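Here is a protein chain to work through by asking how each label was earned. The questions take a classification, and the answers set a value beside its criterion.

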Amino acid sequence: MIRQAVPKDIPQIIDLLYQVQQIHADGRPDLFKSGEKKYSREELLRLFDDPDRPIYVAMDKDRLLGYAFCIFQQAHGHSMQGIKTLYIDDLCVSENVRGQAVGSRLYEYVLQIAKSCGCYNVTLNVWACNEQAMKFYEKCGLKIQKYGMETIL
């Protein structure tokens with residue numbers, strides 16, 4: 001079952017935030033701190049109150065299997081079309097259930113939400129060091145929209 005996250009989900013969400021942080025810390029220890037997480041409990045509570053930043057969770061009874069942090073965005077400016085986008089800020093599936101289609105179901109759910117809200121597209125960023133995530137998103141049908149590049153000094 002996939003549903004919008006509620007405050008009682010916070011402890012299990014935090015467990016997954018640590019998992020995804022570790023993937024990034026293993027791949028880019030120069031950028032990501034091991035043993036940290038992206039959001040605090042207080043920040044998560046604020047996100048629950050923001051209708052433009054929904055969080056969806058995949059559940060098996062009371063066990064949280066994965067999440068998708070999303071952000072509704074509206075393009076502005078003279079040179080851009082005024083499209084509405086649903087940006088996936090973070091998608092994680094518990095390491096215990098990876099490969100069991102939980103991520104695919106979460107992604108499909110997010111697509112349906114985006115369509116029902118009149119979005120033009122769904123976008124996300126993936127770190128180049130996270131090859132498993134890149135393969136997963138390509139399997140879901142996502143295509144490269146733009147590249148982010150760096151030079152380490």
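**Labels and the values behind them**

Tyr147 is found in the segment after α4 (131-139), in a model that is predicted.

Q: Why is Tyr147 called exposed?
A: Tyr147 has a relative accessible area of 66%, and exposed means over 50%, so Tyr147 is classed as exposed. Together with Ile144 and Met149, Tyr147 makes a nonpolar surface patch of about 470 Å².

Q: What makes the pair of Tyr39 and Phe69 stacked?
A: The ring centres of Tyr39 and Phe69 are 5.1 Å apart, and rings pair if their centres lie within 6.5 Å. The planes of the two rings stand at 15°, while planes under 30 degrees apart count as stacked, so the pair of Tyr39 and Phe69 is stacked. This pair links distant parts of the chain, with Tyr39 in the loop between α1 (10-27) and α2 (41-48) and Phe69 in strand β3 (residues 63-74), 30 residues apart. Both Tyr39 and Phe69 are buried, and ring pairs link them with Tyr67 into a cluster. The structure holds five aromatic pairs.

Q: How do you know that Arg3 forms a salt bridge with Asp9?
A: The closest N and O atoms of Arg3 and Asp9 are 2.7 Å apart, and the criterion asks for a side-chain nitrogen of Lys or Arg within 4 Å of a carboxyl oxygen of Asp or Glu, so the contact between Arg3 and Asp9 is a salt bridge. Both Arg3 and Asp9 are buried. A search of the whole structure finds four salt bridges.

Q: What makes the contact of Arg28 with Glu150 a salt bridge?
A: The closest N and O atoms of Arg28 and Glu150 are 2.6 Å apart, and the limit for a salt bridge is 4 Å, so the contact of Arg28 with Glu150 qualifies. The pair links distant parts of the chain, since Arg28 is in the loop between α1 and α2 and Glu150 in the segment after α4, 122 residues apart. Arg28, Asp30 and Glu150 are linked in a network of salt bridges.

Q: Why is Arg28 called buried?
A: The relative accessible area of Arg28 is 15%, and buried means under 20%, so Arg28 is classed as buried.

Q: How do you know that the side chains of Asp89 and Lys38 meet in a salt bridge?
A: Their N to O distance is 3.1 Å, and a salt bridge needs the two atoms within 4 Å, so Asp89 and Lys38 satisfy the criterion. Here too the pair links distant parts of the chain, Asp89 being in strand β4 and Lys38 in the loop between α1 and α2, 51 residues apart.

Q: Why does Asp89 count as buried, and why is Lys38 called partly exposed?
A: Asp89 has 18% relative accessibility, and buried means under 20%, so Asp89 counts as buried. Lys38 has a relative accessible area of 39%, and partly exposed covers the range between under 20% and over 50%, so Lys38 is classed as partly exposed.

Q: What makes β4 and β5 a pair of strands?
A: Four bridges join strand β4 (residues 84-93) to β5, and strands pair if at least two bridges are found between them, so β4 and β5 are paired. The two strands run parallel, and Thr85 stands opposite Asn121 in β5. With helix α3 (residues 102-116), β4 and β5 make a right-handed β-α-β unit.

Q: Which way do the side chains of strand β5 (residues 121-124) point?
A: Asn121 and Thr123 point one way, Val122 and Leu124 the other way, and all are buried. In a regular strand the side chains alternate between the two faces of the sheet.

Q: Why does Gly82 count as exposed?
A: Gly82, in the loop between β3 and β4, has 55% relative accessibility, and exposed means over 50%, so Gly82 counts as exposed.

Note on methods
Residues numbered from 1 in each chain as written. Predicted model: local features only at pLDDT ≥ 70, side-chain atom pairs only at ≥ 80, totals over all residues. Heavy atoms only, no water. Patch = residues over 30% accessible without salt bridge, like charges linked within 9 Å, V, L, I, M, F, W, Y side chains within 5 Å. Areas by Shrake-Rupley, 256 points an atom, 1.4 Å probe, with all protein chains shown as cover. Buried < 20%, exposed > 50% of the residue type's maximum accessible area, 1.4 Å probe, protein only. Phe/Tyr/Trp six-rings, centres within 6.5 Å; stacked < 30°, edge-to-face > 60°. Right-handed = clockwise from strand over helix to strand, strands pointing away.
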